[in-house]
Amino acid sequence: MKTFRCISFFVPLLLSPVAVSAQSAPVGSTSTSESTEAKTPVMLSPFQVSTDNDVGYAAANSLSGSRLNTELRNTPAAISVFTKEFLDDIGALSTFGAMEYAMNASREFTDYTGLASAQQSDGNIQVRGFTGASLGRDFFTWRVSSDVFNTERLDFSRGPNSILFGVGGPGGIVNTTTKRAHGTGKSTDQVQVRVGSWDDYRAIVDVNRSIGKTVAVRANVLWQDRKSWRDFEFLKSKAVALTTTYRPFRHTEIRLQGEYADRQQLNAMPWPSSDYTGDWIAAGRPVAANNTEAVGGTIANGNRFVVFDALGATPLVAWTGTRQTTRAPGAPTLTGNARALTDFSLVPRAAYLGGPGTGSDNWYRTWSGFIEQRFGDLVLEVAYNRQRDLRRADFGVSWNNMGAFADVNALIPSTPLPNGSLPANAGQRNPNVGKLYVQAQPGYRDIDNDTQTWRATAAYELDLKKRRLGVHRFAALASSEQTVGFTEALNEVNVTPVGNATYPLDLTSANNQLWRRTYLDFSSGDPRKRGGLDYKEFPLVNANGFTSGFRRTGDTSNVQTTTTDSLMLAGQSSFWSDRIIGTWGLRRDLQDFWNGANATRDPITREFSRKQAKQTNTDFAGNTRTYGLVFRALPWLGLVFNNSNNFVPQTPIDINDQPMGPRFGQGTDVGVKLAFWQGKVNVNISRYKLSETNRTANDASVTTSLVPAINEIWEALGRLDKQIASPRDSVDNSGRGWEVEVTANPTRSFRVALNASETGVVQSRTLPRAGAYLASNLALWQQNATRPLISPFTGIDTNVNPTIADAIRSANTWLAVIRRAEGQSPRQTVKYRVNGFGTYTFRQSGAWYDSLSLGGGVNYRSKPVTGYDATRNFAPVFGGEVILINAMLGKTWSTKFGPFRTQLNIDNLLANDDLIITDKDNTGTYRFLFQQPRRWSVTVTRSF
């Protein structure tokens with residue numbers, strides 16, 4: 001009902017000028033001749049950005065600053081545009097691929113979002129050092145890293161621009177402008193094929209056609225099959241996009257567009273596997289003669305009961321009570337991150353231990369409709385968009401268990417299997433003793449997001465120049481968006497337990513879990529021995545009383561319904577012959593969030609049910625504003641100021657079982673815009689400040705260590721009702737920096753884009769709720785400090801008869817570790833970034849080098865913050881800087897079949913293979929990212 005109340009309130013404001021405009025502004029008669037109609041130009045829509053005026057790497061207009069089609073030089077907001085020509089020259093295939101050249105931005109691989117986003121989605125974006133920037137598509141909400149096959153250009157808006165998005169991250173938004181059907185202008189028909197390193201094959205088709213004088217249709221088709229330098233990694237994409245434009249009258253336009261894509265992919269973990277053998281190797285590779293002997297570098301095997309080795313002579317073995325090699329100790333100042341394995345003689349650099357069973361299948365479909373009508377100086381648009389994004393992410397080996405263990409047990413165990421039988425060679429010599437293996441409990445996650453958006457927009461221009469009062473343009477928007485999201489995670493278990501004390505009917509019991517194991521042999525010609533197997537290829541049915549299936553062993557399903565109603569009013573005023581341009585905007589956002597609840601458990605199997613939809617409700621409301629000024633002191637010099645804020649509802653429940661509440665962002669930009677040689681060279685220089693408060697902190701150690709230690713205390717006290725269900729807390733961040741951008745097309749043959757940035761971010765108010773929680777309960781806990789904890793122990797830094805006192809110490813230790821970023825730059829903060837790409841095309845008619853293009857680019861990243869030095873008051877510790885050189889060579893050929901263009905792109909030309917350090921403190925280096933090796937691609941394009 002709130003949706004209709006907002007629209008019913010706002011629509012009269014939108015339509016009130018219509019009657020006046022209809023009476024005072026002449027409307028073309030239906031009897032106008034075709035010749036007159038053809039000669040009358042169609043006025044540019046204020047809601048659509050045309051790329052016709054984009055030249056080389058320089059874009060002319062943008063919607064990103066004001067929701068009005070505004071010249072970039074008159075826009076106070078910080079906006080960068082990647083034109084189609086630039087995207088083609090750098091060889092970008094997706095939004096995230098183009099991010100390598102984006103101003104002060106990158107993909108997100110911090111502990112906040114790196115694991116989940118890289119495996120279960122396409123990833124997150126970091127802008128100006130702030131995580132979670134928004135993605136947009138034609139200024140609708142978007143969740144996919146769009147392939148460029150249907151992309152006209154990319155707009156990067158930095159800062160919390162509330163006019164563009166009232167609900168969004170403070171870093172900014174990356175918007176994709178899709179291709180549209182057109183009836184006139186330059187032909188866009190194109191066929192393109194590409195081949196590249198590691199069996200990379202790709203083809204796209206782009207066809208645009210006019211049907212009569214009023215209808216245009218366009219189709220874009222994509223096919224891609226790509227492998228990688230990493231084992232098992234691949235991407236298979238099929239997509240089609242259709243769009244049509246219909247102009248029944250000169251001032252009326254109707255557009256329909258839709259896209260469908262199916263992508264199967266496997267994203268290998270971007271950092272090396274954890275080290276599970278270093279201590280054992282340092283101890284001399286000892287063997288446990290009777291399987292239980294405590295030898296160096298090993299611990300007793302816990303609840304990993306039935307292990308399935310599909311390629312082994314004895315597939316099912318119960319390894320409980322045997323020995324297992326230990327994980328390398330975690331970094332004391334890096335929230336427990338384990339040391340990565342860097343001995344590539346044990347596990348090669350290209351190996352991916354997850355194997356082929358850790359892929360994902362993602363398909364999405366989206367369609368939009370737009371109706372636009374002009375009444376003199378008033379333009380109205382009504383738009384609708386629906387998108388559905390479905391994913392299934394398979395975890396053959398979860399990333400938390402990604403590492404090679406060593407089998408140190410001399411014998412095959414004599415432990416009964418579910419049907420009471422023993423392994424065929426129980427008690428005999430273990431043929432795999434000393435070998436490396438990878439194992440984990442398989443599972444999968446289903447994700448389904450369905451979003452519908454209605455949007456009504458109005459634009460009006462008021463020209464008062466004759467009265468010396470300037471020109472004023474106004475935009476108003478009313479929108480309603482609803483997203484229904486479903487997620488759930490299931491794990492593989494024995495669905496036919498016998499129901500005795502060892503294998504109870506409780507499917508959530510650890511003894512009924514199935515762990516799949518693969519013994520590794522990187523010298524073998526069998527690729528299956530290089531990582532975990534695909535569990536779908538090796539089903540387990542009635543094997544020694546074990547039939548595998550996937551069940552909800554935790555309360556992991558959820559149905560979330562989010563409705564966001566928005567009202568926005570913006571304006572831009574120009575005075576003194578465009579010497580002074582002011583921009584302002586006000587926005588109101590209301591969000592209703594319904595969460596699922598009331599999951600039940602089967603009384604016998606203890607399996608969790610799906611949560612029911614719309615069980616708990618939270619309302620949010622926020623007002624945001626933007627205002628800015630461009631003062632063109634000289635024809636080539638503009639002074640710029642912009643201030644804006646943002647509002648982000650946060651639906652999670654915090655550590656106190658209360659709603660997190662919204663987070664807020666605040667940003668200010670001050671700078672200059674320079675334009676030389678009739679706009680052929682443009683330079684933007686700006687200084688910015690940016691802050692956010694109450695950001696949800698998803699630090700891994702909160703979930704895996706801090707909260708579990710607290711819950712161990714409540715379990716020991718018999719107060720399970722007091723255990724923390726949601727571990728979330730918050731942090732604040734503030735930053736400031738410089739940004740410089742140069743876009744130049746000084747001649748028809750030369751074009752260059754360059755950007756450089758300095759970023760400083762400081763973290764504060766880290767986990768305030770957790771600190772208060774520990775302080776408020778400390779007295780009660782200390783009264784029972786000697787009470788023993790109940791096994792198994794989680795989050796405790798000792799396993800030797802731990803007590804509540806040990807759990808208190810562990811909780812305080814983990815909180816102190818996490819808070820070591822307080823007053824410092826968060827980990828993975830990069831202070832300096834430089835990106836540049838330039839191309840020169842030779843033009844000499846008749847010469848062999850005519851139309852030959854030479855291009856090159858550079859990506860530089862300064863040393864990132866990787867951790868903190870406990871011996872120097874937790875001063876930042878830095879990793880290594882990164883410099884990548886890229887090259888491009890292109891040529892257009894005239895043939896009897898028409899003109900063809902060939903283009904060679906080489907990324908990482910100098911084959912830089914340094915490991916990119918992400919986690920390092922005064923005790924050593926713990927985790928890295930792999931650098932993409934040198935990669936080449938050849939693209940052949942036939943344009944018509």
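This dialogue reads helices, strands and a surface patch in a predicted model.

Reader: What conditions apply to the model?

Author: The model is predicted, so local features need pLDDT of at least 70 and side-chain atom pairs count only at pLDDT 80 or more, while totals for chains, interfaces and linings use all residues. Residues are numbered from 1 along each chain as its sequence is written, and side-chain values use heavy atoms, with hydrogens and water left out.

Reader: What span is expected of helix α8, and what is found?

Author: Helices (H or I, at least four residues) and strands (E, at least two) are DSSP runs, numbered from the N terminus. The expected span of a helix is 1.5 Å times one less than its number of residues. For the 16 residues of α8 (residues 768-783) that gives 22 Å, and the end C-alpha atoms are 24 Å apart, which agrees. Helix α9 (residues 804-818), with 15 residues, reaches 21 Å from first C-alpha to last, close to the 21 Å expected.

Reader: Where is the kink in α8 centred?

Author: The bend at a residue is the angle between axes fitted to the seven residues ending there and the seven starting there. In α8 the kink is about 50° and is centred on N777.

Reader: Which residues of α8 are buried?

Author: An α-helix has 3.6 residues a turn, so residues three or four places apart point the same way. Buried means under 20% relative accessible area, exposed over 50%, and partly exposed in between (1.4 Å probe, protein chains only). In α8 the buried residues are R769, A770, G771, Y773, L774, N777 and W781. Those of α9 include D806, W814 and I818.

Reader: What is the strand order of the open three-stranded sheet?

Author: Strands of a sheet pair through backbone hydrogen bonds, either parallel or antiparallel. Two strands pair if DSSP finds at least two bridges between them. Here the order is β4-β5-β6, with antiparallel pairing. β4 (105-107) and β6 (130-131) stand at the edges with a single partner strand each, so one side of each lacks a neighbour in the sheet. Three bridges join β4 to β5 (residues 125-127), and A105 has V127 as its bridge partner in β5.

Reader: Which strand does β11 pair with?

Author: β11 (residues 190-196) pairs with β45 (residues 935-943) in the antiparallel sense over seven bridges, with G196 opposite S937. β42 (residues 898-907) also pairs antiparallel with β45, over eight bridges, and L904 stands opposite V938.

Reader: Is V205 of β12 buried or partly exposed?

Author: V205, found in strand β12, has 33% relative accessibility and so counts as partly exposed.
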